[in-house]
Amino acid sequence: MARAIQMTQTGGPEVLTLTDVEVPEPAANEVLVKVAAAGVNFIETYQRSGVYRVDLPFTPGSEGAGTVTAVGSEVTNFSVGDLVATAGGRGSYSEYMLIEESKLARIPDGIDLRTAAALPLQGFTSHYLINSTYDVQAGDVVLTTAGAGGVGGLMTQMLKAKSATVITTTSSEEKAAIAKAKGADYVLKYDEVPEKVLEITDGRGVDVAYDGVGKDTFDNSLASLRIRGMLVLFGGASGQVPPFDLQRLNSQGSISVCRPTLAHYTLTAEEVQWRANDVFGMLADGKLDVSIGGTYDLADAGKAHADLESGSTTGKLVLTV
């Protein structure tokens, strides 16, 4: 048996309870990993609250790092004892999780498991957003939300490595200082968008806006775009964006909106490995700073969710198993 967080109904953080479960067996193309640490992400709060439907009972968590303990009969790239990380596992809020071989990445030497667990989902997300959904070029001006958060901080560092100008938003002076330390060129309050953005860009607007906040910021992000700019909506921390008239995209200058998800940008083992090599490579080279804003015991997963949803945290939250 193994300890795991399980929910038998949707609701608030209190529905996450510690229980004993059977250790799963890997299928032919799967790897079983003994989890050392698991990342806590907003998608799990959506699953827990019922915004995203899941089959119950359910153990949350797709992100984690640990040691391979068993491999399926068709697995060729990993062996027992390998140190690995993933953003595409199942049930990482547990002592053991299953992962398809194609969604797994090796952890380079010198990176500890807690840090490795904090990076894949937000790191791979930042990577696909700025390299694939919209391929940011040197000289582009980019708007992001929540510059002191996990994705926001990583994205700023990756954008600066691509020689882009970064405008980001935060909700406090403390968070503004964090965003500045990550390399943001301009840090604005949420209520200064779009006016300050247009002032910074001499009325042109930004080439691309990455919005992970959703309902409360969507309209202002949209109004910050240049002609033929793109808004990439990748989250809904403040709630889901309601339907809107597509003619707005025409009247504002043939702008576009995309709502991507990481699963569609990690479809093959080669794509996962490309993103892992870039992200872990930057970390190993000292070019990427991973901010861990809180570490919780597995039993305290509910508190981690409550803290994440409160908006009071900075950086990544991690469960240690």
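In the predicted model, His127 is a buried residue, because its relative accessibility of 3% falls under the 20% cut-off. The residue belongs to helix H3. Leaving out positions up to four places away in sequence, His127 is in contact with Ser132, Met158, Trp274, Arg275, Asp278 and Val279.

Helix H3, which spans residues 120–133, is among the elements that give two or more residues to the largest nonpolar core. This core comprises 42 residues, and Val136, Tyr210 and Phe280 have the most contacts inside it. Two or more residues also come from each of helix H2 (113–118), helix H4 (150–161), strand E11 (206–211), strand E12 (225–233) and helix H9 (269–284). Apart from this core lies another one of 16 residues, which includes Met7, Val40, Tyr296 and Ala301. The surroundings of Tyr210 were examined further. Once neighbours within four places in sequence are set aside, Tyr210 contacts Leu129, Ile130, Tyr134, Val136, Val142, Leu143, Thr144, Thr145, Met155, Val232 and Phe234.

Internal space was considered next. The search yields 1 cavity of 30 Å³ or more. The volume of the largest cavity is about 80 Å³. Its lining consists of 14 residues, of which Gly149, Gly150, Leu154, Ser291 and Gly315 are the closest to the centre. Helix H4 supplies the largest share of this lining, with 3 residues. Classified by residue type, the lining of the largest cavity contains 5 nonpolar, 6 polar and 3 charged residues.

The second largest pocket encloses about 230 Å³ of space. Among its 15 lining residues, those closest to the centre of the pocket are Pro24, Thr59, Arg90, Gly91 and Tyr96. Strand E1 (2–6) and strand E6 (96–100) are the elements that give two or more residues to the lining. The lining of this pocket is made up of 9 nonpolar, 4 polar and 2 charged residues.

Val23 occupies the loop between strand E2 (17–21) and strand E3. Its relative accessible area is 30%, which means that Val23 counts as partly exposed, a class lying between the cut-offs of 20% and 50%. Although Val23 and Ala2 are 21 residues apart in sequence, their C-alpha atoms are 5.9 Å apart in space. Residues up to four places away in sequence not being counted, Val23 touches Met1, Ala2, Leu32 and Tyr96.

Strand E3 (30–40) also takes part in the packing of helix H1, as the buried residues of H1 pack against this strand and against helix H10 (301–310). Helix H1 covers residues 42–49, and its buried residues are Glu44, Thr45, Tyr46, Gln47 and Arg48. The residue that follows H1 is Gly50, which has a positive phi near 100°. Tyr46 is also joined to Phe42 and Tyr52 in a cluster linked by ring pairs. Across the whole structure, the search for aromatic pairs finds 4.

Notes. Residues are numbered from 1 along each chain as its sequence is written. This is a predicted model: local features need pLDDT of at least 70, side-chain atom pairs count only at pLDDT 80 or more; totals for chains, interfaces and linings use all residues. Side-chain values use heavy atoms; hydrogens and water are left out. A nonpolar core is a set of buried Ala, Val, Leu, Ile, Met, Phe, Trp, Tyr and Cys residues joined through side-chain atoms within 4.5 Å. Buried means under 20% relative accessible area, exposed over 50%, partly exposed in between (1.4 Å probe, protein chains only). Helices (H or I, at least four residues) and strands (E, at least two) are DSSP runs, numbered from the N terminus. Contact means heavy atoms within 4.5 Å. On a 1 Å grid over the protein atoms alone, a cavity is a set of points where a 1.4 Å probe fits but cannot get out, and a pocket is an open set with protein on both sides within 12 Å along at least five of seven lines; lining residues have an atom within 4 Å of a point. Grid points are joined across faces, edges and corners, and a volume is the space filled by probe spheres set on the points. Ala, Val, Leu, Ile, Met, Phe, Trp, Tyr, Cys and Pro count as nonpolar, Asp, Glu, Lys and Arg as charged, and the others, Gly among them, as polar. Rings of Phe, Tyr and Trp (its six-membered ring) pair if their centres lie within 6.5 Å; planes under 30 degrees apart count as stacked, over 60 as edge-to-face and the rest as tilted.
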